[in-house]
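I opened my notebook to work through one protein chain. Here is what I looked up, in the order I looked.

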Amino acid sequence: MLGEYPDGTEICAPIAIATGARPGPTMWLQACVHGPELVGPLAISRFLGELDLQRFSGTVVCLLAANPIAFRSRDRLTIVDGQNLNRSYPGQTDGGVTQRMAHVALTAALEVSDALVDLHSGGDHLVCSYHIIYRNDGGAAGKKSEEMASGLGAPQICNAMSPVFDGAAFACFVASGRPAVLVESGGGATVTQVDIENQVRAIRGACSCLGMLPAASAAPPPQIGREVALIHGERGGIFEPMAPLEAVLEKGDEFGRIRNLYGDTLEICRNPFGRARLIALRRAYMPIHAGEEVAEISHIG
Ligand SMILES: [Zn+2]
């Protein structure tokens with residue numbers, strides 16, 4: 001139980017557990033930390049439907065809607081307290097609604113599992129390329145996380161050491177000595193078959209890396225980014241992308257514009273860093289407030 005609704009009923013989340021015929025580790029697989037990110041649960045149900053338990057070693061515990069309040073309201077944040085679950089781990093027992101949900105779920109995850117795969121997408125407001133975020137802090141779990149991220153078939157993986165990600169579940173898992181990856185693919189208020197297939201491939205690849213499934217055919221080695229950075233716009237207006245996802249940007253390169261409702265350009269959005277790959281963008285013509293995130297990049301320079 002993750003909490004209690006005002007009507008006194010329990011805040012619960014759907015869970016599916018699959019145990020293979022052979023012994024092995026336990027993987028915690030979660031989705032919908034952000035409510036509208038539906039690629040995750042669709043990928044999990046497809047993965048489970050195709051899973052041959054005779055050839056599977058260990059157990060996968062699937063938390064299909066990690067934030068059931070946000071899932072029901074189709075919001076990225078928990079509408080009750082406006083908090084982002086992906087910034088709220090490890091949570092606290094006497095915190096707000098989101099902090100408490102984070103605490104209950106992460107405590108359960110750390111009690112039963114050896115590794116974490118956290119499925120995300122851009123949801124309604126952002127579009128993400130297929131990429132993996134992890135934290136390699138130099139320790140054994142960090143190195144294993146990078147190895148896991150490298151085998152999932154994503155062209156771009158990014159080591160996220162920035163404190164911005166301290167409250168994400170993958171960072172808490174690595175801090176507790178267990179490998180973890182965060183998978184991104186899709187968004188823009190839609191779900192594509194390609195994004196579902198990417199995330200199924202990521203789940204299978206993580207299982208292979210942990211010895212739960214036979215080794216998959218080797219994926220081409222990904223490009224490794226040394227940090228993820230979020231880029232914020234300075235002006236309020238309508239965001240217009242001017243570069244495709246996965247574009248390589250040099251310092252100062254334009255990737256989007258913010259226009260007012262009369263069509264005037266208020267701001268040209270440029271890459272403020274060195275060489276970087278564009279891994280997430282606001283969806284086209286999204287109204288944004290001044291200071292909101294407009295893109296995410298992976299430093300590759
Ligand atoms: Zn997300």
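My entries below go from the whole chain down to single residues.

**Entry 1: ground rules**

I am working with a predicted model, where local features need pLDDT of at least 70, side-chain atom pairs count only at pLDDT 80 or more, and totals for chains, interfaces and linings use all residues. I number residues from 1 along each chain as its sequence is written.

**Entry 2: the whole chain**

I looked up the secondary structure and got 6 helices and 18 strands. Helices (H or I, at least four residues) and strands (E, at least two) are DSSP runs, numbered from the N terminus.

I then checked the overall size. The C-alpha trace spans about 60 × 50 × 35 Å along its principal axes. For 301 residues, a compact globule would have a radius of gyration near 19 Å, and the chain agrees, with 19 Å. That radius is taken over C-alpha atoms, and the globule rule is 2.2 Å times the number of residues to the power 0.38.

How much of the chain is buried? I noted 47% of the 301 residues. Buried is when 20 or more other C-beta atoms lie within 10 Å of a residue's own, exposed is 12 or fewer, and partly exposed is in between, with C-beta atoms placed from the backbone.

I looked at contacts too (C-beta atoms, placed from the backbone, within 7 Å). Among contacts with a separation of 6 or more, 70% are between residues 24 or more positions apart.

**Entry 3: the cores**

I reminded myself that nonpolar side chains tend to be buried together in soluble globular proteins. A nonpolar core here is a set of buried Ala, Val, Leu, Ile, Met, Phe, Trp, Tyr and Cys residues joined through C-beta atoms within 7 Å.

The largest core has 66 residues, and those touching the most other members are Met27, Val117, Ile132, Tyr134, Phe170, Val181 and Ala206. I followed Tyr134: beyond its neighbours within four places in sequence, its contacts include Ile157, Phe170, Val181 and Leu182. Apart from the largest core lies another, of 17 residues, including Ile231, Ile258, Val294 and Ala295.

**Entry 4: helix H1**

H1 covers residues 39–50, and its 12 residues reach 17 Å from first C-alpha to last, close to the 16 Å expected at 1.5 Å a residue. The expected span is 1.5 Å times one less than the number of residues.

Which residues of H1 are buried? I listed Val39, Gly40, Pro41, Ala43, Ile44 and Phe47. Their cover includes strands S4 (22–31), S5 (57–63), S6 (115–120) and S9 (180–187), along with helix H6 (193–209).

**Entry 5: an open sheet**

I traced 4 antiparallel strands in the order S15-S14-S12-S17. Strands pair if DSSP finds at least two bridges between them. S15 (265–270) and S17 (286–288) are at the edges with a single partner strand each, so one side of each has no neighbour in the sheet. Neighbouring strands are turned by 30° against each other on average, direction ignored. Those angles use axes that are lines fitted to C-alpha atoms, for helices over the stretch in contact, and run from 0 to 180 degrees between N-to-C directions.

Inside this sheet, S12 is joined to S14 (residues 254–259) by 4 bridges. I found Phe239 bridged to Ile258 in S14, and Ile258 also belongs to the core of 17 residues.

**Entry 6: strand S18**

S18 is mostly covered, with 5 of its 7 residues buried. S11 (residues 228–232) joins S18 through 5 antiparallel bridges, and S16 (residues 276–282) likewise joins S18 through 5 antiparallel bridges. Ser298 in S18 is the bridge partner of Val228 and of Arg277.

Just before that strand I stopped at His289, in the loop between S17 and S18 (293–299). Is His289 buried or exposed? It counts as exposed because it has 9 C-beta neighbours inside 10 Å. Its C-alpha is 52 Å from that of Ala21, and the two are 268 residues apart in sequence.

**Entry 7: backbone oddities**

Most residues other than glycine have a negative phi, and most peptide bonds are trans. I went looking for exceptions.

- Arg74 has a positive phi, near 60°, and lies in the loop between H2 and H3. Arg74 is partly exposed, with 13 other C-beta atoms within 10 Å.
- Glu246 has a positive phi of about 80°, in the loop between S12 (237–241) and S13 (248–249). Glu246 is partly exposed, with 15 C-beta neighbours inside 10 Å.
- Tyr89 and Pro90 are joined by a cis peptide bond, with omega about 5°. Pro90 is in the loop between H2 (68–73) and H3 (97–112).

Conventions
Two residues are in contact if their C-beta atoms, placed from the backbone, lie within 7 Å.
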